[in-house]
Amino acid sequence: MGVKFLDLYKQYLVLQQEINEALQNIITSSAFIGGEEVKKFEESFASFISKDMYALGVANGTDALEIALEALHLPQNSEVLIPANTFAATAEAVVRNGLRIVFVDCGADYTLDIDDIESKINHNTAAIIAVHLYGQPAAMDKIMGIAQEHSLKVIEDCAQAHGAEFEGKRVGGFGDIATFSFYPGKNLGAYGDAGAIVSSNKMLIEQCKQIAHHGGLKKYEHHIIGRNSRLDAMQAAILNVKLPYLQQWNKRRNEVAKMYYKGFKDSALILPALKKQCLSVWHLFVIRCKKRDLLRDFLAQHGIETGLHYPFALPQCPAYYDKIYVRYTHTPHALAWQDELLSLPMGEHLSDEEVQEVIQKVCAWKG
Ligand SMILES: *Cc1c(COP(=O)(O)O)cnc(C)c1O
């Protein structure tokens, strides 16, 4: 039968008419940059996160991180704590801002290990980037407490966690500033690259807008050295169609996760640990298995697609290994687990039968 890891075409078929109309309107009006769709998305996404929030659409989630960090004006060469297990964009934003990386290990839920954060803070530490990895919120109560105690800025990297909640509050509403990616495969995805920066601090969002819009809030006004990073109107129009569906899709992901937990409860697989204050949005369902590559091959032979997130912990990648801009400190979990992590099919595209097929095949594997 075969089970797809992701099926964006299936999702399009549900939205076809709305998407086609939205795109046709953009083409007819030729308002390709800026305009109503962008404004509408920024407003509705900000209020989706929390009331009294502000959002800026940017070109992608990597730019969002880079611009958000720039707007915080951290001292050059100061240190930023980031997880060792995350997508490279989190790390790139630090180095591209003239700051140094300090890698922090991950806990059993794959978000930042709180004890390890505390042991890595020194007088050069300026900020923490909390990544809500795989859709699971980081421990924001503890992270905000540590940040307050040591006067650190907190950036939330919410690229995998649109709509996830910590203690009933959506992620993106905890730190000084938060970033989102709408890369097509994310829980809320555009039809190309897109991203956003969110904050309750209006001045900070205006600062980001200046950076992203050539150094000024108005055309041909250049107050600072800026750059170009915009959410374009076609992507905004698609995101405006999709945003109202996000909660129902996240709900379906939770149902799939529940089926996996039930189906694997007697298996030897290590299932993701859950913090009870969290509502995950299950961007990925990641298990651990000692003979991961053999299991992966077995599933592939039966048409079940899987993924690796990520095949290499960042401290091991050439760009970050033994580099002046990395104060590499030991992250044993991230290093040990990189060879064990396996992402199973996850998404609202999955039928109950497909989920059962995955469970059955995984359990049939005699590894
Ligand atoms: C996808 C992702 C990003 C980068 O987003 P792009 O839109 O692809 O630039 C950043 N951080 C994390 C954790 C991500 O998963």
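Trainee: Which side chain has an N or O atom 3.0 Å from an oxygen atom of the ligand?
Mentor: This is a predicted model. A polar contact needs a pair of N or O atoms within 3.5 Å. A ligand oxygen atom and a side-chain N or O atom meet that limit at 3.0 Å. The side chain belongs to K186.

Trainee: Which residue offers a side-chain N or O atom to a nitrogen atom of the ligand?
Mentor: Here the ligand atom is a nitrogen. The distance to the side-chain atom is 2.8 Å. The residue is D157.

Trainee: How far is an oxygen atom of the ligand from the polar backbone atom of G61?
Mentor: In this contact G61 uses its backbone. The partner is an oxygen atom of the ligand. The distance is 2.7 Å.

Trainee: What percentage of the ligand's area does the protein bury?
Mentor: Start with the ligand taken alone, which exposes 380 Å². Then count the part of that area buried by the protein. The value is 93%.

Trainee: Which residues come nearest the ligand?
Mentor: There are 16 residues around the ligand. By class, seven are nonpolar, seven are polar and two are charged. The nearest are G61, T62, Q160, S181 and K186.

Trainee: Which element gives the most residues to the shell around the ligand?
Mentor: Two elements give two or more residues to this shell, α3 (61-71) and α4 (88-96). The top contribution is three residues. That element is α3.

Trainee: Which pocket matches the space taken by the ligand?
Mentor: Pockets are found on the protein atoms alone. The ligand is then placed against them, and the match is the second largest pocket.

Trainee: What is the volume of the second largest pocket, and which residues lie closest to its centre?
Mentor: The volume is about 490 Å³. The lining has 29 residues. α3, α4 and β8 (177-181) each give two or more of them. Closest to the centre are Q160, Y183, K186, H283 and Y310.

Trainee: How many residues in the lining of the second largest pocket are charged?
Mentor: Sort the lining by class. Nonpolar residues number 14 and polar residues 11. The charged residues number four.

Trainee: Y310 is in that lining. What kind of peptide bond joins H309 and Y310?
Mentor: Place Y310 first: this residue is in the loop between α10 (292-301) and β12 (326-327). Omega for the bond from H309 to Y310 is about 10 degrees. The bond is cis.

Trainee: Which element gives the largest share of the lining of the largest pocket?
Mentor: The largest pocket has a volume of about 750 Å³. Its lining has 28 residues, with E42, L56, K209, H213 and L217 nearest the centre. α2 (36-49), β1 (54-58) and α7 (202-212) each give two or more. The largest share, five residues, comes from α2.

Trainee: How many residues in the lining of the largest pocket are charged?
Mentor: Sort this lining too. It has 11 nonpolar and seven polar residues. The charged count is 10.

Trainee: How many cavities of 30 Å³ or more are there?
Mentor: A cavity is space where a 1.4 Å probe fits but cannot get out. With the 30 Å³ cut-off applied, the count is two.

Trainee: Which residues lie closest to the centre of the largest cavity?
Mentor: This cavity holds about 90 Å³ of space. α1 (8-29) and α9 (246-263) each supply at least two lining residues. The lining has four nonpolar, five polar and five charged residues. Of its 14 residues, the closest to the centre are L6, L8, Q11, R253 and E348.

Trainee: How many nonpolar residues line the second largest cavity?
Mentor: The space here is about 70 Å³. Among the lining residues are D109, Y134, W282 and F285. By class, two are polar and one is charged. The nonpolar count is nine.

Trainee: Where is E167, with its positive phi?
Mentor: E167 is a residue other than glycine, and its phi is near 50 degrees. Its place is the loop between β6 (165-166) and β7 (169-170).

Trainee: What is the phi of Y220?
Mentor: Y220 is in the loop between α7 and α8 (233-242). Its phi is positive, in a residue other than glycine. The value is near 65 degrees.

Note on methods
Residues are numbered from 1 along each chain as its sequence is written. This is a predicted model: local features need pLDDT of at least 70, side-chain atom pairs count only at pLDDT 80 or more; totals for chains, interfaces and linings use all residues. Side-chain values use heavy atoms; hydrogens and water are left out. A residue is near a molecule or strand if one of its heavy atoms lies within 4 Å of it. A polar contact is a pair of N or O atoms within 3.5 Å; within protein, one must be able to donate a hydrogen and the other to accept it, and residues adjacent in sequence count only if both atoms are side-chain atoms. Accessible areas come from the Shrake-Rupley method with a 1.4 Å probe; for residues, only the protein chains shown count as cover. On a 1 Å grid over the protein atoms alone, a cavity is a set of points where a 1.4 Å probe fits but cannot get out, and a pocket is an open set with protein on both sides within 12 Å along at least five of seven lines; lining residues have an atom within 4 Å of a point. A molecule sits in a cavity or pocket if more than half of its atoms lie within 2 Å of its grid points. Helices (H or I, at least four residues) and strands (E, at least two) are DSSP runs, numbered from the N terminus. Ala, Val, Leu, Ile, Met, Phe, Trp, Tyr, Cys and Pro count as nonpolar, Asp, Glu, Lys and Arg as charged, and the others, Gly among them, as polar. Grid points are joined across faces, edges and corners, and a volume is the space filled by probe spheres set on the points.
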